[in-house]
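Work through the exercises below with the sequence and the 3D view open. Try each task before reading its solution.

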Amino acid sequence: MTGVLAMTEEDQMDRFMERIEAGEKIEADDWMPEEYRITLIKLISMHGISEIMGALPEKEWVPKAPSLRRKLGIMAKVQDEMGHGQLLLRVAEDLLKPYGKNRGDIMQDLFNEDLKFHNVFHMETKTWADAGLIGWLVDGAAIITQTDMLKASYGPYARALQRICAEEVFHAQHGEAIIMALAEGTEEQKALIQEALNRWWEALLMFFGPASKSTTGSTKQDATIKYKIRTKTNEDFRQMFFDRYIPRILSLGLTVPDPTLHYDEAEKVWKYAQPDWTEFKKIIRNEGPRSQERLNLRRHSYEHNAWVRDALAAVVN
Amino acid sequence: MSNVENGMSKAYKNAVTALLFQLADDELLYAFRASEWLGLAPHIEEDVASSSIAQDSMGHAVMYYKLLEDLGVGSEDDLAHLRPANERKNSILTERVNGEGYYMETPQYDWAYHVVRSYFYTQAKKAKVDSLCQSSYEPLVEAAMKIRMELYYHRLHWETWFKQLLSSTDVAKEKMQQAIELVMEDFGDMFSFGKDKQAIEENNLLCQEEALKASWKASIAPVFAKLQIEVPEIPETPHLNGRNGEHTKDLESALATLSEVYRIDPAAGW
């Protein structure tokens, strides 16, 4: 009888890929190839840290929310995002164990700019309509990509996503309610949403990442598809986003700020003007409109509160 | 003109209104300051937990403003967003900034101050809410019953922080002691009813100021005894009395922020 310990790395790899192909869930303590582990660490720590960094642009509107009910709604929404961050970082921490790393290291990687946060959270918010649009369309976009990973081969991530996606649906509804109120409001309020859409359009296209490596030199989509972490490509997601949201955007009387956008009946795809991928490359180098400000805020609050974490550690010890 | 409306004398209604403004404004400002911490708490779990408390407090503010709306005083959002600083009845402690800097930039918020303010305020709220459960005004009794259930967890949370930070490193102890001093300087109007004292007390809306103070002291005394520190004295006379509309500049900046969007068009739906 050949025990797992006696198996060669090649055998283990074959067995692992069989499990992946059979749709089995891989758990934290299971053997996994280094490439799989590293792909997951990158994906999940980036996802987790993006939830946390993503709280910052919306948080700007929490104290300013324009009614008591909206204040309650957006506080709950931003809190959920922090909760998602917590959930995901715990999943990432388990994967990091063999390397002797923990959450502190993830934070340091963010501060050193080795770990990046999602490109959409580098953008500036200017009005209350941005807070609504983030909930409606950014969370809407996130639902599309995350729903695809609900069946991810890595069990702990798939389970975390079950809960996250359920909450994201509420977020999209929260955002849509803000947008609907503005759309039914005064001319000034309507103008706020159009301006927000114009401001966020390119960021929404970039949200899904480049269609292929040739655009920016690298994309993580190949390994994630090979290991059945996700099934669809960046472009598939972008097309799904158009399918779902273009009709809704138009029905609110808004104009998409891309005159070339149209559905090609013959090819069955949406044709659109490419966003500025040079700008995208800058954003993912943390050179976006608010990249450094948000990083500084996170760095600074982490350092400024170091005494609290030290004090808690002293109590535990 | 009748002095009885909805079976309520005008004097009684005025007393209820005065008290509701004090309660509602306290909660709004406390929740506002707590919400500025969102995303910036010392660790992620705490961010989630204290955000929950901030939401509950905002929810309590909504309950009190709604009771004012029901009395025909004005719409809840107008009352929360549009009244100028000199008409606000919150205690000075609730309006104080969290530390140096604006929340939109890179603020230097003081976690020790947040813990002490939250712990002392929550215990004061508990003293009031317990008494409100016996109020002569039935809608307030109902609100207080609901609030009391959530308050249990808030007290537990802040008491844990208070005890832990005061039994830890020298740095933490020193920061906490400084925070206690700062918080107590502003505690003089916490249990004050201001110029409405007689009306509120005589109508049995809430127990007397002195009874509230005693209840607060009794609730924190065991924790202080365990930590071997003295229960701080509540200032006899407040340096400013928020219950009479006296406030610091901190309130003006808070109001400007929390009403910035609403003021664009208070008549519009948001």
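**Exercise 1. Leaving aside its neighbours within four places in sequence, which residues is Trp307(A) in contact with?**

Step 1. Contact means heavy atoms within 4.5 Å. By that rule Trp307(A) touches Trp111(B), Ala112(B), Leu165(B), Val171(B), Ala172(B) and Lys175(B).

Step 2. Place the residue: Trp307(A) belongs to helix H13 of chain A, residues 306–316. Helices (H or I, at least four residues) and strands (E, at least two) are DSSP runs, numbered from the N terminus.

Step 3. Classify the residue. Buried means under 20% relative accessible area, exposed over 50%, and partly exposed in between (1.4 Å probe, protein chains only). Trp307(A) has 11% relative accessibility, so it counts as buried.

A note on the source: this is a predicted model, in which local features need pLDDT of at least 70 and side-chain atom pairs count only at pLDDT 80 or more, while totals for chains, interfaces and linings use all residues. Residues are numbered from 1 along each chain as its sequence is written, chains are lettered from A and ligands numbered from 1 in the order in which they are written, and side-chain values use heavy atoms, with hydrogens and water left out.

**Exercise 2. Describe the interface of chain A and chain B.**

Step 1. List the participants: 48 residues of chain A and 58 residues of chain B take part in the contact.

Step 2. Give the area. Buried area is the accessible area (1.4 Å probe) that two parts lose on being put together, summed over both. Between chain A and chain B this is about 4,600 Å², and carbon and sulfur atoms give 66% of it.

Step 3. Find the main contributors in chain A. Lys64(A), Leu68(A) and Trp307(A) lose the most area to chain B, together 17% of what that side buries.

Step 4. Look for charged pairs. A salt bridge is a side-chain nitrogen of Lys or Arg within 4 Å of a carboxyl oxygen of Asp or Glu. The rule finds four salt bridges across the interface. Glu45(B) and Arg90(A) form a salt bridge through their side chains, at 3.3 Å from N to O.

**Exercise 3. How many salt bridges does a search of the whole structure find, over all chains? Examine three further pairs.**

Step 1. The search finds 44 salt bridges over all chains.

Step 2. In chain A, Glu93(A) and Arg103(A) form one, at 3.6 Å from N to O. Glu93(A) lies in helix H3 and Arg103(A) in helix H4 (residues 103–111), 10 residues apart. Both residues are buried.

Step 3. In chain B, Asp26(B) pairs with Arg243(B) at 3.1 Å from N to O. The partners are 217 residues apart: Asp26(B) is in helix H1, and Arg243(B) is in the loop between helix H9 (209–227) and H10. Asp26(B) has a relative accessible area of 4% and is buried. Arg243(B), at 0%, is also buried.

Step 4. Glu209(B) and Lys197(B) form a salt bridge with their closest N and O atoms 3.7 Å apart. Glu209(B) is in helix H9 and Lys197(B) in helix H8 (residues 197–202), 12 residues apart. Glu209(B) counts as buried at 11% relative accessibility, whereas Lys197(B), at 32%, counts as partly exposed.

**Exercise 4. Which residues of helix H10 of chain B are buried, and why do they line one face?**

Step 1. In this helix (residues 249–258), the buried residues are Asp250(B), Leu251(B), Ala254(B), Leu255(B), Thr257(B) and Leu258(B).

Step 2. Seen down the axis of H10(B), these residues fall within an arc of 160°, so they line one face of the helix. The arc is that of the directions from the helix axis to the C-beta atoms.

Step 3. Recall the general rule. An α-helix has 3.6 residues a turn, so residues three or four places apart point the same way.

Step 4. Name the packing partners. The buried residues of H10(B) pack against helix H3 (68–96) of chain A, and against helices H1 (10–36), H3 (76–81) and H4 (92–95) of chain B.

**Exercise 5. How many helices and strands are there in chain A, and to what does the secondary structure of chain B come?**

Step 1. Chain A has 13 helices and two strands.

Step 2. Chain B has 10 helices and four strands.

Step 3. Add the buried share: 56% of the 317 residues of chain A, and 57% of the 270 residues of chain B.
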